[in-house]
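Reader: I am new to this structure and would like to learn how to read it. Could you take me through it, one feature after another?

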Amino acid sequence: MPVFFGEEIMNTITIRSLSMGVATLALLSSGPAIAQAADGDSDADTGLKRLGAITVTAQKREENIQDVPISITALTGEDLEVRGLTDITDVAQSIPNFDMPSSNNSRNVSVRIRGIGSTGTNPGIESSVGLFLDGLYQPTGAMAFGELGDIQSIEVLRRPQGTLYGRNTPVGALNVTTRKPSFDPEALLRVGAGDYNHSWLNGYLGGSLVDGKVAGRLTAYYRDRGGYEDNTLTGSDINDSSQRGLRGRLLVQPSETVEVNLIAHYSEIDKACCVGEQIDPFGPFGFATQGFLDKQSAAGYPFNNARDDDHIVN
């Protein structure tokens, strides 16, 4: 079952999530991997290469995307790597009619398909677009903000999906599937750096634990970036971000027709998030009215650090 908890201090947001899932599949087929494009065959007459089939699990079983009667957009893990998409916000900019706008903090992110979705800054409002990670429902959109590392596929399903996915899917669903363990040894490590003290690394390690019976896979990531602005009053960075996560998968195949998947996932996001720039908060169109300033002073928090020259863009 998923566990979600967070804390907010001033503009700093800490989000932690822990989820575990167990799935058992019987009568396994020998079809292609989830959302994996098969190598296309060349046409004998024209010599042109035909597009291969894309297999998705939108209906809880592996099917060719052409045979699924759903408006669906599917991206493979290879697509994410080629396009340089590292999180769901990047994916939202690459998929038509799919958006994940955030408000005053990351916990209040909303998910929208075709412009429709739950709105508001109350973290208790449940999304009308269901989020599923390896088949496990995520109760808030903020839990989807982690690094997209070692992903098998991402599927955006439009229109109501309550028949197969249950409640909270009247607008659609986002289905994220991670890569399964393989009985062949696999390992990968990526590192990078950039502006604003940006540094990141991610990778995975996996292989057979018991020959032909048990395989495991461990995936980890870390990403840290300094803020785009400086608060001249406190000296702290604004809009900085730090993310880290760990995922473990265990595949058990006691026979050719039975498969058991054990999945554990932990992620943590710390960021001073979503601070907007005010051109003139004390002007005629600013938010800092005299009544607001008086109440802030009476409460012991004088509002003296929100002027147009208090934040300096780095």
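Reader: How many helices and strands does the protein have?

Author: The protein has four helices and 19 strands; both are DSSP runs numbered from the N terminus, with helices being H or I over at least four residues and strands E over at least two. This is a predicted model, where local features need pLDDT of at least 70 and side-chain atom pairs count only at pLDDT 80 or more, while totals for chains, interfaces and linings use all residues. Residues are numbered from 1 along each chain as its sequence is written, and side-chain values use heavy atoms, leaving out hydrogens and water.

Reader: Now the sheet. In what order do the five strands of the open sheet come?

Author: In general, strands of a sheet pair through backbone hydrogen bonds, either parallel or antiparallel. Here the order is E5-E10-E11-E8-E9, with mixed pairing; two strands pair if DSSP finds at least two bridges between them. Strand E5 (72–76) and strand E9 (136–138) are at the edges with a single partner strand each, so one side of each has no neighbour in the sheet.

Reader: In which sense do E8 and E11 pair?

Author: Strand E8 (residues 129–133) and strand E11 (residues 172–178) are parallel, with five bridges. One to look for is Leu 131, whose bridge partner in E11 is Leu 174.

Reader: Let me try a single residue. Is Arg 249 buried or exposed?

Author: Buried means under 20% relative accessible area, exposed over 50%, and partly exposed in between, using a 1.4 Å probe and protein chains only. Arg 249, in strand E17 (residues 241–255), counts as buried because its relative accessibility is 8%. Across the protein, 41% of the 314 residues count as buried.

Reader: Which side chain does Arg 249 join through a polar contact?

Author: That of Thr 178, at 2.9 Å. A polar contact is a pair of N or O atoms within 3.5 Å; within protein, one must be able to donate a hydrogen and the other to accept it, and residues adjacent in sequence count only if both atoms are side-chain atoms.

Reader: What about phi: what value does Asn 168 have?

Author: Most residues other than glycine have a negative phi. Asn 168 has a positive phi of about 65°, and Asn 97 also has a positive phi, near 65°.

Reader: Where do I find Asn 97 and Asn 168?

Author: Asn 97 sits in the loop between helix H2 (88–92) and strand E6 (98–99), and is partly exposed at 47% relative accessible area. Asn 168 is in the loop between helix H3 (162–165) and E11, and is buried at 14%.
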